[in-house]
Amino acid sequence: KTQLQAQFAEQLKQPYKTFTGSSTYGAITFTYPNTWSSYVDQTNTSEPINGYLNPGDVPGASSNSAFALRLELVTNAYNNILQQFSSQITQGTVTASAYIPPKMKGVANAQPGTLFKGAIQQSGSTSLQGEMLVIPVRDKSLQLYTLSNDYLNDFNNTVLANLTYVP
């Protein structure tokens with residue numbers, strides 16, 4: 001029964017939905033489960049894309065929820081974002097490795113990003129575990145992350161596996 005419920009839950013996620021960002025900001029595109037809802041703000045010039053994706057309803061941005069997926073295109077330099085994780089890497093609470101999304105391999109000018117795994121965000125005295133991909137996209141930085149190990153399978157096998165952008 002448990003196995004059938006898990007299979008059914010996976011089937012409900014299809015067909016996948018597709019997010020496509022503005023061509024002005026690199027035409028960032030990825031797929032995500034059909035059972036997820038999204039809220040994406042693309043009106044702020046200092047953060048051209050600010051998105052929240054979650055199964056069912058999307059809680060408020062200030063709810064401190066562990067969203068299934070967070071999407072941010074920020075004006076911070078790629079190297080500055082990497083520097084923010086240096087102490088966590090030294091302490092061993094976060095690991096970092098070079099990463100190029102599978103669909104971007106061989107694309108001209110596509111630079112590798114960094115995939116962080118571990119305690120990627122602090123919420124008060126609690127460390128939120130998950131994974132975060134940071135990629136330079138033109139003069140900005142794309143951050144895709146999940147703050148819950150419950151969504152790692154979808155993050156890696158659906159979102160990152162289908163991520164594309166114009167470098």
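Ile 81 is buried in this predicted model, and its relative accessible area of 1% lies well inside the range counted as buried, because that label applies under 20%. The residue belongs to helix α2, which covers residues 78-84. If neighbours within four places in sequence are set aside, the residues in contact with Ile 81 are Val 74, Asn 76, Val 134, Ser 141 and Gln 143. Two of these partners can be placed on strands, since β8 runs over residues 126-137 and β9 over residues 140-146: Val 134 falls within the former, and Ser 141 within the latter. A further pair gives a sense of scale, for Ile 81 and Leu 144 are separated by 63 residues in sequence, while their C-alpha atoms are 13 Å apart in space.

From this one position the view can be widened to the whole chain. The protein has 4 helices and 9 strands, and from the N terminus on these elements follow the order α-β-β-β-β-β-α-α-β-β-β-β-α. Among contacts between residues at least 6 apart in sequence, 48% join residues that are at least 24 apart. Of the 167 residues, 42% count as buried, and Ile 81 is one of the buried residues.

The overall dimensions can be read in a similar way. Along the principal axes, the C-alpha trace spans about 50 × 40 × 30 Å. A compact globule of 167 residues would have a radius of gyration near 15 Å, and the 16 Å found for the protein therefore agrees with that expectation. The surface that the protein exposes amounts to about 8700 Å², of which carbon and sulfur atoms supply 47%. As for charge, there are 9 positive and 9 negative side chains, and the centres of these two sets lie 7 Å apart.

The aromatic side chains offer another route through the model. The structure holds 7 aromatic pairs, and one of them, formed by Tyr 32 and Trp 36, is stacked, with 6.5 Å from centre to centre and 25° between the planes. The pair is described as stacked because its planes are under 30 degrees apart. Both Tyr 32 and Trp 36 are buried, and the two residues also take part in one aromatic cluster together with Phe 19, Phe 30 and Tyr 151.

The backbone, finally, has some features that deserve attention, given that most residues other than glycine have a negative phi, and most peptide bonds are trans. The peptide bond from Gln 14 to Pro 15 is cis, with omega near 0°, and Pro 15 is found in the loop between α1 (2-12) and β1 (17-20). In the loop between β1 and β2 (29-32) lies Ala 27, a residue other than glycine whose phi is positive, near 45°; Ala 27 is partly exposed, with a relative accessible area of 21%. Arg 138, likewise not a glycine, has a positive phi of about 55° and is found in the loop between β8 and β9. With a relative accessible area of 42%, Arg 138 is partly exposed, whereas Ile 81, which has contacts with Val 134 and Ser 141 on the strands flanking that loop, is buried.

Note on methods: Residues numbered from 1 in each chain as written. Predicted model: local features only at pLDDT ≥ 70, side-chain atom pairs only at ≥ 80, totals over all residues. Heavy atoms only, no water. Helix = DSSP H or I, 4+ residues; strand = E, 2+ residues; numbered from the N terminus. Rg over C-alpha atoms; globule rule 2.2 N^0.38 Å. Buried < 20%, exposed > 50% of the residue type's maximum accessible area, 1.4 Å probe, protein only. Contact = heavy atoms within 4.5 Å. Areas by Shrake-Rupley, 256 points an atom, 1.4 Å probe, with all protein chains shown as cover. Lys, Arg positive; Asp, Glu negative; His and termini not counted. Charge placed at Lys NZ, Arg CZ, Asp CG, Glu CD. Phe/Tyr/Trp six-rings, centres within 6.5 Å; stacked < 30°, edge-to-face > 60°.
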